[in-house]
Amino acid sequence: MESISVFEIIKVGIGPSSSHTMGPWNAASAFIRIIKRERSIAEVKEVFLEFFGSLAKTGIGHGTDIAGMLGLNGEDFKTIDTTKIDEKVDKIKNTQILNLGGEKEIPFVYGHHLILNMEKSLDFHPNGMIFKAVFEDGTELVQDFYSVGGGFIASQEKNSIEKHCVRTLYPCHHGSDIVKYCEKLGFKRFSDLILINEESWRSQEETRQEALNIWKNIKECIYKGVNKEGILPGGLNVTRRAAGINRKLLGDKIYKNIDEWFKLVVDAEENFTNINKWIACFALAVNEENASFGRIITAPTNGASGVIPAVLMYSQAFTEFISEDDIVRFLLVAGEIGTLFKKNATISAAMGGCQAEIGVSSAMAAAGLTEILGGSIGQVLMAAEIAMEHHLGLTCDPIKGLVQIPCIERNTMGAMKAITAANIALESDPTKAKVTLDEVIQTMWETALSMSDRFKETSEGGLAIAVNVPEC
């Protein structure tokens, strides 16, 4: 089994969906690389892109079509000016010209070259898509891709596209592996083991800097979210709430930048109700940004991107564990827990419902928080288990396919469950636990397999059909 870096699980992304936006965008970019490897961009006459299954059924609400076009156009979601997305997409649609890979302009007619096939699903995975390049000499290059959660992509021929297999010094594919190696090496902290394993990708100092860069992006995303009023795009007319909560909690206090705002949050009155509201505010801010094609941290997915930021911000604003070392340790542990779910179950709502997104993110956050609050390795794993145990069976039934209702509020619940799980684990003896993390991951996977497809991001069940709203 291949090892996965924590920064493949926790990474810079773009809203509104990791599987329906980032995955197709990554697939489009990968197809460009395949064209260059097999032939050349200059030889391409036309490209076609067809989305199937869940990608098609909820594609408009998730911006799947937008991601496909911009990916083929040579744009990078990590660097694109998110305020220019609508402008770039309108240009492609209005001119009916795509700048393939940023190198060659070719005809591109929306509805002909890009199709959302809602009648058919591909067998390999619910989030399927097929790219086709037609060359000037009439020959074709066809490639299937599947968005398997968290922005990861795969094909039927390969479990992952163009990835380099990495095996860490101490491979941790199960919770039991973590316990085994920590005991063998005499480590008292979970993060010490993960820091060593991350050297398979980068130096310890680079790992530290990457973690702090993630934290920087988290703060910036929350800050943007708490300072934006208005209605979210998509047609549901959902009102942003983070800014209003932020304003009420801070009263008449004035700030001019992110550092001044953060200091006001840290200095704010601390009681249970206020802290609870701040946690909700942090999560809402991130997911409102996500719903608006904002730049967020995918952790492990976009639909669940508010949980880890909310819990990490809580730890930095309202606990005594506020050092950069604590931030790094939190993210290393959280990311590693995410890899266990990715390898042994799924982080894709289209495969496992929302337990695979909010549930996993809550388990990750619970583990990270327990680590920096002084929990033992057993308590860290126990916290992750408790958090997932109370998300088992959670469905993914977004109204109109948008990552808004119930997704945005669900992040606040996931954050609170993570904090509760951490507190319970810290007061418990993990040797007396009746359920292990490995067992709850297996149970989650079995639950996913048993779950009706109506509750797996298809908008064909649950709240998605129970609530009648006008067409978006």
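Reader: Why does E289 count as buried?

Author: E289 has a relative accessibility of 2%, and buried means under 20% relative accessible area, whereas exposed means over 50% and partly exposed in between, with a 1.4 Å probe and protein chains only as cover; E289 therefore counts as buried. This is a predicted model, in which local features need pLDDT of at least 70 and side-chain atom pairs count only at pLDDT 80 or more, while totals for chains, interfaces and linings use all residues. Residues are numbered from 1 along each chain as its sequence is written, and side-chain values use heavy atoms, with hydrogens and water left out.

Reader: What makes the contact of E289 with K228 a salt bridge?

Author: The closest N and O atoms of E289 and K228 are 3.2 Å apart, and the term requires a side-chain nitrogen of Lys or Arg within 4 Å of a carboxyl oxygen of Asp or Glu, so the pair qualifies. This salt bridge links distant parts of the chain, with E289 in helix α12 (residues 272-291) and K228 in the loop between α9 and α10 (242-250), 61 residues apart. K228, at 35% relative accessibility, counts as partly exposed. In general, side chains of opposite charge can pair when their charged atoms come close.

Reader: How many salt bridges does a search of the whole structure find, and what does the one between R208 and E324 link?

Author: The search finds 22 salt bridges. In the pair of R208 and E324, the closest N and O atoms are 3.2 Å apart, and the two residues connect distant parts of the chain, R208 in helix α9 (residues 204-225) and E324 in helix α14 (residues 324-344), 116 residues apart. The helices named here are DSSP runs (H or I, at least four residues), as strands are (E, at least two), and both are numbered from the N terminus.

Reader: How do you know whether R208 is buried or exposed?

Author: Neither word fits, because R208 has a relative accessible area of 23% and is therefore partly exposed; E324 likewise counts as partly exposed, at 44% relative accessibility.

Reader: Why are R329 and D326 separated by about one helical turn?

Author: R329 and D326 are three residues apart in helix α14, which is why about one helical turn separates them, and their side chains meet in a salt bridge at 3.2 Å, N to O. R329 has a relative accessible area of 14% and is buried, as is D326, with 8%. Elsewhere, salt bridges that share partners join R39, E43 and D137 into one network.

Reader: What makes D81, D86, E87 and D90 a patch of negative charge?

Author: These four residues gather on the surface, and Asp and Glu count as negative, just as Lys and Arg count as positive, while His and the chain ends are not counted. A patch is made of residues with over 30% relative accessible area and no salt bridge, like charges being joined within 9 Å and nonpolar side chains (Val, Leu, Ile, Met, Phe, Trp, Tyr) within 5 Å. Among the four, D90 lies in helix α6 (residues 85-95) and, at 41% relative accessibility, counts as partly exposed.

Reader: What is noted about the phi of K400 and of S459?

Author: K400 has a positive phi of about 60° although it is not a glycine, and S459, also a residue other than glycine, has a positive phi near 60°. K400 lies in the loop between α17 (377-389) and α18 (407-426), where its relative accessible area of 29% makes it partly exposed. S459 is placed in the loop between α19 (437-450) and α20 (463-466) and, with a relative accessible area of 17%, is buried.

Reader: Which residues does a cis peptide bond join?

Author: One cis peptide bond joins G15 and P16, with omega about 5°, and P16 lies in the loop between β1 (11-14) and α2 (18-38). Another joins A299 and P300, with omega about -5°, and P300 is found in the loop between β9 (295-298) and α13 (307-318).

Reader: Why is Y170 called buried?

Author: Y170 has a relative accessible area of 16%, and is therefore buried; this residue lies in the loop between β8 (152-154) and α7 (175-185).

Key. Areas by Shrake-Rupley, 256 points an atom, 1.4 Å probe, with all protein chains shown as cover. Charge placed at Lys NZ, Arg CZ, Asp CG, Glu CD.
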